[in-house]
Structures are given as C-alpha cells and as structure tokens.
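Here is a briefing on one model. Sheet, core and cysteines are covered in turn.

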Amino acid sequence: MAEAPAVSQVNQWIDDAVQSTPIVDLHTHLYPPNFGPLMLWGIDELVTYHYLIAETLRIATIPYEQYWAMTQKQQAELIWKTLFVEHAPISEACRGVLTVLQRLGLDVASANLNQFRDFFHSQTSEQYLDKVMKLANVRTLVMTNDPFESVEREIWLNNPRVDPRFKAVLRIDPLLVGWPRVADVLTDHGYKVSTDLGANTMKEIRRFLSDWLDRMKGIYIACSLPPSWRYPDDSPATKVINEAILPIARERNLPFATMIGVNKLVNPSLRLAGDSVAKADARSFERLCAQNPKNKFLVTMLSRENQHELAVASRKFRNMLLFGCWWFMNNPILINEITRMRMELLGTSFVPQHSDARILDQIIYKWDHSRAIIAQVLKDKFQDIASAGWAITRQQVQTTVSDYFAGNFERFLQWTPN
Ligand code: FIX
Ligand code: ZN
C-alpha cells in the first residue's frame, strides 16, 4: 500500500503551491503606465480608496462637500489621522494598507505618512508596476475598460500600446441599465440608434460592441447589474442581451460576465463609495445560462445571501464559471465561508478570487490575504480526503492551485460551449 505523506508534508506542498503559482487576476480596475491618469498607485491613492473614504466619513463627520473640496493630499491626511492614528486600523481595508507597506519593507510601526510618501516619490510607475506584480506574484491583470468613460475612450481612440501583462475587457453597463440616456451617447459616438430598440438599433449596438472589442482586443464583455435585474423580461436590458451582446459573444467565443447585486449610489454624497448591496435573483441568472447554452458566462454576486444558490447553479450549468469574493464579500470571514462552501460543492471547478483592485498596490494585500485563506481551506479539504485513505501527491496539489489561480479561467476562455 502506498505510504501516505504526512499532514505536515501535504501542508508544505499547499503553502509552496499557493505562494509560488502566478495568478491571472480576472477582474481589476488597473491600467498600465501609458494610460496616464487612469493608472492609480502610491500611498495617497491607497489611503483615499473609496472603501476608506466611507469608513472615515462615518467618524470624521465633516460635511461631505467639505471632504470633496480638499486636495487628495489633504483627504489622505484626514483618512490617515482618523482611521490609522486616532483609531485602530482594524478594518480589512485599513489592514490592507498596512500589509502593502510591510511587504514593501517600510517601517509600518512609524505610522509616518510623509516617510511613506518619500518612498513612493522615489519610484517610477514603470518600475513600481514590475515590483508590485512580482511581490503579488500576479502574471496577468484583467482590466475593466469603459468606452462610455470619456478619458478612457480618448486613450483607446489613440490606439495605445497595451503592456501584454494587461488584458482588456469591454464594460457596457449603460447599454443595459442606461436607456434612454445612452442612446444620445451612442449617437454622439456615430452609431445610429434610437430608443425604440428596433432592428436597426440592435444592428448598430452590435457594431458598437464589435468596434470596441476589436479596438481593445477584449477577452470578455462585462456588466454589473442591480438586485432588481430579471431575465428574461420586457426591459431594454433583455433585448440588448438577447439581440446584441449574446450574438456577438457567441460569434467571437467570448464570455459575458455578469456581476449582480449592486445598488448604485444609495448615498450619492459618497460618490464611488456610495454603492450598496442587496440580494439579487439567481433564478434569472440560471435562466440566462439555460436559455443560451451556446454562450458562456462569468458570474459573481455581491450579496452573501446569493452565494449558496449561485454555487448550486454552477453545478447545473457548465457554461457558467463562478468567480471571486466580490467587493463587500472580500473580507476574511466571508472569503473563508464561501471558499469552503464552493470547494465542497464544486471541487476544483471555480475561480476562488479576483482582486477588484483599483490601485495597483492593492494586489499585494488582496492576494496575500486571500492566498492565506485559500491555503488554509485547501489544507482542511486535503486532510479530509487523506483521512479517508486518499494518497495525496504534490502534483495533485499543484494542479488544484494552478486551476484556481489561472487554469480554470484560461481554459474557459478557450472552450466553445457545445
Ligand atoms: O462594478 C464593479 O466593477 C465594482 O467592482 C466597482 O464598481 C466597485 O467600486 C469596486 O471597485 C469594488 O471593489
Ligand atoms: Zn470591479
């Protein structure tokens, strides 16, 4: 009978694989240095991340407009004083800043914001990108590229060189939830559309999608959807999905990614920090998969209450790939709960995490924190099968981690639904 490896040996294999396997980060808001103002990095960006703005303005109860009138330097100093000096930085978003500083080798205990600033001022964006991707052990950053955002649109219209470590994604929320306003924008951009959503308009929306997928070399089409989203129904969203997005996605064998459950701007005064969450309708997503078997779908949902039914739905539809612990789910307690549930329901066939990083430095902490949790869950799951007599091999551990961190997503991109 084969000698079973010791628990400590298996755990070492897991730690080695989790730390050494490069990641394909399949949803971020990051950009390469030549995208200018869109590439965010450094301590002042880290500290003024919208998660920390929301946490600060609960405590520093200055008028919202007073905060927005500050310079970013002043905003960072207010946030630092409020969340890191006057109070313990124990939230996940605060802890993340500390992890980044620590992994960069800075004197975290000094709590000296200006000293940290000196380090970042000594970096160039190009060298810092290399440093951060190496520290985070991330090999590919999948972007979120919005042709309705004027600064980004201008950059793309000038045919920018895209660092091969970055992959583009066509993000099209206004096409689904922005009617009738989006018709004027499309018209201004040279697409002959009307709010009647007739055949000619659908043809023009397909042309819009094709133009931008070609321009960006987009690897999937993405949107976020509110808790109220239903499919199918008699809304413009269903018509655009059925007559424009899905035909183009099938034609190009691209996934359509739906990120479901965000309540936009429940507090507009917080701007990007003003979004919230509510339970969405997973049945609508199941119908999207069931009624379009020749399409493939990436999916993540924002509400904790949707996670179990979504994992069960994933067992039913191989044309969907479940990914990540999105946004308000991206906290250790929920990453742990959901990753365990997904491993128990889906085994190796899902993508446990994405970073959703908006500031480059964040991939260091978002992946450090998630790697530690994923490793612990794997140790428990492998120990469970070892206890049942299974002979675990190093290769099996490595294959599992490689699938989670890159392989499942990359194979899904290649696969044609049959
Ligand atoms: O819709 C999205 O891509 C969300 O991830 C963002 O809008 C959100 O602000 C975010 O960055 C969450 O982590
Ligand atoms: Zn995002």
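**Cysteines and fold**

The whole structure contains 0 disulfides (cysteine sulfur pairs within 2.5 Å). This is a predicted model: local features need pLDDT of at least 70, side-chain atom pairs count only at pLDDT 80 or more, and totals for chains, interfaces and linings use all residues. Residues are numbered from 1 along each chain as written, chains are lettered from A and ligands numbered from 1 in written order, and side-chain values use heavy atoms, without hydrogens and water.

**Cysteines**
- The cysteine sulfur closest to that of Cys 223 belongs to Cys 289, 12 Å away, too far for a bond.
- Cys 325 is in no disulfide either; its nearest cysteine sulfur, in Cys 289, lies 19 Å off.
- Cys 223 is buried (under 20% relative accessible area, 1.4 Å probe, protein chains only), at 0%.
- Cys 325 is buried too, at 2%.

**Sheet**
- An open, parallel sheet holds 5 strands (DSSP E runs of at least two residues) in the order 4-5-6-9-10, paired by at least two DSSP bridges.
- Strand 4 (170-171) and strand 10 (320-322) are the edges; each has a single partner strand, so one side of each lacks a neighbour in the sheet.
- Strand 9 (residues 297-301) runs parallel to strand 10, joined by 3 bridges.
- Phe 297 has Met 320 in strand 10 as its bridge partner.

**Core**
- The largest nonpolar core (buried Ala, Val, Leu, Ile, Met, Phe, Trp, Tyr and Cys joined through side-chain atoms within 4.5 Å) has 151 residues.
- Ile 172 and Ile 363 have the most contacts inside it.
- Helix 17 (residues 362-387; a DSSP H or I run of at least four) gives the most to this core, 10 residues.

Definitions and conventions. Buried means under 20% relative accessible area, exposed over 50%, partly exposed in between (1.4 Å probe, protein chains only).
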